[in-house]
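Trainee: Could we go through this one together? I would like to know what stands behind each label.

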Amino acid sequence: MILRLVTYAGLVVRRLWSKKGILLGSFLGATLVIALLAIVPLYEDSVAAVDLLFSVRSAADDEVDLTSTTSSLDYSGTWAASNRSLVNENRDGLETWYPTMTERIQSREFLFIPIQGAVDWVGLAEQWQIDLEAAIARNEALGPDEEPEPLPNPPYPRPPQEASTARIVTSPTIDDQLEVVTGEWPENGTDQRGDGMLRVALGSDLASTVALGVGDQVVLRPFTGAPEHFEIVEVAAIVQPVDPGATFWGVTNPSVQIFVPGTVFDLWATPRPRDPQRDPWLREAAGFGGLNVEQRWTMTFDRESLDLTEIDQVRTEIANFQASLAREAPIATFAGLPRLLDRFDVRKVVFGGPILAMLALVVGGALYFLVYTAALTLEREAPEIALLKSRGASAWQTVGIHLAQSVAIAALAALAAPTVARFLVGLTGRIPP
């Protein structure tokens, strides 16, 4: 049995060698047809990959970046740290496409009130203390039946009619976004210099508008805060942005804002005890209190990172990120990338249909000529088939010889065709994943 198989295999090999010219043509034809079958989806995906790359490269930042925001009417450092930790915990699945993230904390407007402008507010406070002590002394000297006089109200600074306003902007990395023009960046300590005064940096344009320089002092009061929630601040530095167009700033103009280190902002945003004797208005609490603040994170999309095979995955990760933040904290996330990918899917269907139709015609034509050539080859071998039968070969043996050579041709063509297809598609553009 083994001898017969070896003899039969030798016959097949000798026959293949004797007809190597015809079989080579059949091999090339089969390779072309299989390559064309591979080219149909490969070329469609190649066009889609180029379109995807162009779409994300040409998109505006807000169409691909992720922006998460939350706000508070009574800001505290603990609240901000909790939100920061939550965002960091949930962004792990997005780091492949969004490798960098920046955080920005921005308050509502603060009013600038000159200390020694048209009104000397510190002088009024000192006179008020004298009047208060005198009124208290007079009341203490009254008899039991005498009505005490009302005590004078503290003269809290009031803004002029057209007061300048600005927002306080900070971040854990705010000093990386700014460069100092004059002065020194405010100290990042618990109470700065320990003298109970808040020191800030002003954007260069804002400093020109309010006519303040390094060492000058001014009163800052929240636009919506209580009259007693204000502080005398000193200008420690005039700064300008390293990159005014950086994603960190969003639509904010950094040249007209107030800046402080993150730890300093957390300290002064929450009221804390203060020695009344160190305050002209005898206030017992330092800090602003009740600040309306927005906390924002911007994750920058890596425009070279997205492949066709990852479209569904990035959609899922973005949806999970949005749902987690909305469920665990009131943090809203705006993501423009899913909508851009939806538009891409529509275009892929529109241009994919004609591509498949045209390439299907090419494949059909090549397949027709391959079958036609095979039929002609088989017709030319009719005398040889008759000779094999006359020498006692069975029908199965005759079919087996032709089947063996066909399998050999198909196997070799199947191995070579994908490489040919990839090379041909590579000549026209980008190879998809």
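Mentor: Gladly. Let's begin at the surface, where Val420, Phe423, Leu424 and Leu427 make a nonpolar patch of about 380 Å². Keep in mind that this is a predicted model, where local features need pLDDT of at least 70, side-chain atom pairs count only at pLDDT 80 or more, and totals for chains, interfaces and linings use all residues. Residues are numbered from 1 along each chain as its sequence is written, and side-chain values use heavy atoms, with hydrogens and water left out.

Trainee: What makes a group of residues a patch?

Mentor: Each member has over 30% relative accessible area and no salt bridge; nonpolar side chains (Val, Leu, Ile, Met, Phe, Trp, Tyr) are joined within 5 Å, and like charges within 9 Å. The areas come from the Shrake-Rupley method with a 1.4 Å probe, and for residues only the protein chains shown count as cover. Val420 has 33%, which is over 30%, so Val420 can be a member.

Trainee: Is Val420 buried, partly exposed or exposed?

Mentor: Buried means under 20% relative accessible area, exposed means over 50%, and partly exposed is in between (1.4 Å probe, protein chains only). At 33%, Val420 is therefore partly exposed. Val420 lies in helix 11 (residues 395–426), and the protein has 11 helices and 12 strands. Helices (H or I, at least four residues) and strands (E, at least two) are DSSP runs numbered from the N terminus.

Trainee: Why is Thr298 called buried?

Mentor: Its relative accessible area is 8%, which is under 20%, so Thr298 is buried. Thr298 is found in strand 11 (residues 293–300). Beyond its neighbours within four places in sequence, Thr298 is in contact (heavy atoms within 4.5 Å) with Leu66, Thr67, Thr100, Met101, Thr102 and Thr247. The C-alpha atoms of Thr298 and Glu103 are 6.5 Å apart, although 195 residues separate them in sequence.

Trainee: How do you know that Ala237 is buried?

Mentor: Its value is 0%, under the limit of 20%, so Ala237 is buried. Ala237 sits in strand 7 (residues 231–241). Not counting residues up to four places away, Ala237 touches nine residues I could list, including Val180, Trp185 and Leu202.

Trainee: How do you know that the length of helix 8 agrees with the expected span?

Mentor: The expected span is 1.5 Å times one less than the number of residues. For the 18 residues of helix 8 (residues 311–328) that gives 26 Å, and the end C-alpha atoms are 26 Å apart, so the two agree. Helix 4 (residues 77–90) passes as well, with 14 residues, an expected 20 Å and end C-alpha atoms 20 Å apart.

Trainee: Which residues of helix 4 are buried, and what covers them?

Mentor: Gly77, Ala80, Asn83, Leu86, Val87 and Asn90 are buried. Their cover includes strand 1 (66–72), strand 2 (100–113), helix 7 (262–268), strand 11 and helix 8.

Trainee: What makes Arg303 and Asp61 a salt bridge?

Mentor: A salt bridge is a side-chain nitrogen of Lys or Arg within 4 Å of a carboxyl oxygen of Asp or Glu. Here N and O are 2.8 Å apart, so the pair qualifies. Arg303 lies in the loop between strand 11 and helix 8 and Asp61 in helix 3 (residues 61–64), so the pair ties together parts that are 242 residues apart in sequence. By this rule the count comes to 16 salt bridges.

Trainee: Why do Arg274 and Asp279 count as a salt bridge?

Mentor: Their N to O distance is 3.9 Å, and 4 Å is the limit, so the pair counts. Both residues are buried; Asp279 has 4% relative accessibility, under 20%. Asp279 is in the loop between strand 9 (272–273) and strand 10 (285–286). Glu231, Arg274, Asp279 and Arg283 are linked in a network of salt bridges.

Trainee: What makes Asp279 and Trp281 a polar contact?

Mentor: The term covers a pair of N or O atoms within 3.5 Å; within protein, one must be able to donate a hydrogen and the other to accept it, and residues adjacent in sequence count only if both atoms are side-chain atoms. A polar side-chain atom of Asp279 lies 3.0 Å from the backbone nitrogen of Trp281, so the distance is within the limit.
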